[in-house]
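Trainee: Could you walk me through reading the features of a protein model?
Mentor: Sure, let's put it up and go one feature at a time.

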Amino acid sequence: MSAPFHALPDESLTATGNLPRRQKIASIGRGIFLLATLFAVAALVVLLWYIFQRGWNWLSWGLLTNPPSRRPERAGLSIAISGTLWIISLTLLVAFPMGVAAAIYLEEYAPKNRWTRILQINISNLAGVPSVVYGLLGLGIFVEWLNLGRVVLAGALTMALLSLPVIIIASQEALRAIPWSLREAAYGVGATRWQVTASHVLPAAIPGILTGVILAVSRAIGETAPLLVAGAAGFVTTKPGGFFDSYTTIPIQIYNWMSRPQTEFRDLASAGIIVLLALLISMNLIAIIVRQRFSAKTRW
Amino acid sequence: MPFFRPGQSYVDANLLRRHHLTEKTAGYILLACAVVSVLTTIGIVVVLLAQALNFFADVSVVEFLTGTEWTALFQNQQQWGVLPLVSATLMVTLLSLVVAIPIGLMSAIFLSEYASPRTRAILKPVLELLAGIPTIIYGFFALTFITPEILKRLWPQTSVYNVLAASIAVGIMIVPLIASLSEDAIRSVPSSMREGAYALGATKLEVSTRIIVPAALSGIVASFILATSRAVGETMIVALAAGAKAQMVTNPLEPGETMTGYIVQVVSGDASRGTSIYYSLFAVGLLLFVMTLALNIFSHWFVRRFREEYE
């Protein structure tokens, strides 16, 4: 018989060999992981601190109500704010219904075949196309080919195409989170597919969809490159009044200020960034409130 | 008088027909909306190709792809070698990954393996905030803070516009992308694997680095590839902070112009329609599109090919 395997009393399972060393390395590892995570936090804090200390003194009511000016103390964002509102509301008007409809098609209607898979892969690839390329698309199709020129409509359609994949993917996730039992119950009492979708699945998925849409829109608000390419004007002195007026947006106005060498304009740009961030944070807060308000009511 | 007999249909035929019509119309309208995404892709390809062909009527493709001089804005002596732009793009991408990969991956490990639910509840939104900041703000930060306050102090010869500051800012921007996608991959590793390793006496670090990371590797690598594609296409940061001097980039402390930076530079001036400069936008855009598309497809393929299914 071989020797018994159980530990003898004098060979107890105490830490021997390299265990203390391994534990020491493990705790160093923990410290490094923590530091890496804190680096991200620190970057955010430094960034925000820098912007605020630079732009705080330039915040004023005039910043929101003045038109652009060559004198920094008189320059404001009013034209850019109305441009952003125009672009974003039109973008929403186009991309929201279209994106949700496409998501409904993919989740509720589409047969599981090769074409659907291609459609799906296409959408996820579109989501990865750099935004500046959408700008070139808008420049080529809306500004030049349709000959709209550098106007609100061209910019908004460009932004709509840019936001579409993001909205589709977010809406698909919201639809997928609705349990099958809900659909089956509706089918079970004889509802048609459209009835099931329109009066059962969609209402249940709306909070999720809205959250995704708000996030997509807040991303679109901060986009600079596509509108720079697809025709926002550098210096506009009147608010856009219709689809075919020239426009500028908040990030583009900020970019203009940044590209000037004078420190005053760069301070002003920091103040503009604070306005932009305030706008984005309030949109995100709305998204959070929407999500919590609705999800408190529903439990699957 | 309603009297139900077997063999008779009790459903209003008109109602049925109406429902049938609604059904069909709804289906087609929804399909049409989904098809818009395909049209977008076709639109991108057609616009870029058509306009790039105008460009290649004047400039040979070989010269474009192999030339090392890009002097688009010099009147009368324009040279169209795209490699300086590509070199700047690759340099920015590489350096930003050097920043973002270790920090992103380690944050992902920390968040999923080490952090208590409360710590996580604080740190996760911070990363999401970082992801939600418009890139123009990072560009401003790179130009007016990272370069003068950090790089100039370390290396006084740093140019006002330089590739390194832009790369660091791009790196910070893609950290949340890597962290959240890698964390998803790490979280999908079943806890039985962790428990098995702990039962053998492994420390937390050993479990994380030798069990969890290898098991989640396909998702982690996919997040790196997607981050690469994001860095290649990033525009405003490099346009603001890296400069507008198209040259082969060897020293990151010097300026360099990326492909995206060139596009912004041209549209910020006036490029009138029909000139080579105008068409060059689309040629550069086409190259950019092909590069990011290849990366995105590669990342999808990678996940499909190497994903371990745990059940």
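Mentor: Let's begin with naming: helices (H or I, at least four residues) and strands (E, at least two) are DSSP runs, numbered from the N terminus. Residues count from 1 along each chain as its sequence is written, and chains are lettered from A and ligands numbered from 1 in the order in which they are written. This is a predicted model, where local features need pLDDT of at least 70, side-chain atom pairs count only at pLDDT 80 or more, and totals for chains, interfaces and linings use all residues, while side-chain values use heavy atoms, with hydrogens and water left out.

Trainee: How many residues of chain A are in contact with chain B?
Mentor: Contact means heavy atoms within 4.5 Å. Here 70 residues of chain A are in contact with 72 residues of chain B.

Trainee: And what is the area buried between chain A and chain B?
Mentor: Buried area is the accessible area (1.4 Å probe) that two parts lose on being put together, summed over both. For chain A and chain B that comes to about 6,400 Å², with carbon and sulfur atoms giving 79%. In chain A, the residues that lose the most area to chain B are Phe33(A), Leu47(A) and Leu136(A), together 11% of what that side buries.

Trainee: Which residue forms a salt bridge with Arg22(A)?
Mentor: A salt bridge is a side-chain nitrogen of Lys or Arg within 4 Å of a carboxyl oxygen of Asp or Glu. The count between chain A and chain B is one. The partner of Arg22(A) is Glu206(B), and their closest N and O atoms are 2.8 Å apart.

Trainee: Which helix gives the largest share of the side of chain A that touches chain B?
Mentor: That's helix H1 (residues 19-55) of chain A, with 22 residues. To sort residues by class, count Ala, Val, Leu, Ile, Met, Phe, Trp, Tyr, Cys and Pro as nonpolar, Asp, Glu, Lys and Arg as charged, and the others, Gly among them, as polar. The side of chain A that touches chain B then has 50 nonpolar, 14 polar and six charged residues.

Trainee: Now the holes: how many residues line the second largest pocket?
Mentor: Picture a 1 Å grid over the protein atoms alone: a cavity is a set of points where a 1.4 Å probe fits but cannot get out, a pocket is an open set with protein on both sides within 12 Å along at least five of seven lines, and lining residues have an atom within 4 Å of a point. Grid points are joined across faces, edges and corners, and a volume is the space filled by probe spheres set on the points. The second largest pocket holds about 480 Å³ of space and has 28 lining residues, with Arg150(A), Ala232(A), Val267(B), Ser268(B) and Gly269(B) nearest its centre. Helices H5 (131-145) and H10 (250-258) of chain A, plus H11 (259-268) and H12 (276-306) of chain B, each supply at least two residues of that lining. H10(A) gives the most, five residues.

Trainee: What lines the largest cavity?
Mentor: Its lining is Leu162(A), Ser163(A), Val166(A), Ala216(A), Arg219(A), Ala220(A) and Glu223(A), around about 70 Å³ of space. Helix H6 (152-176) and helix H8 (193-222) of chain A each supply at least two of those lining residues.
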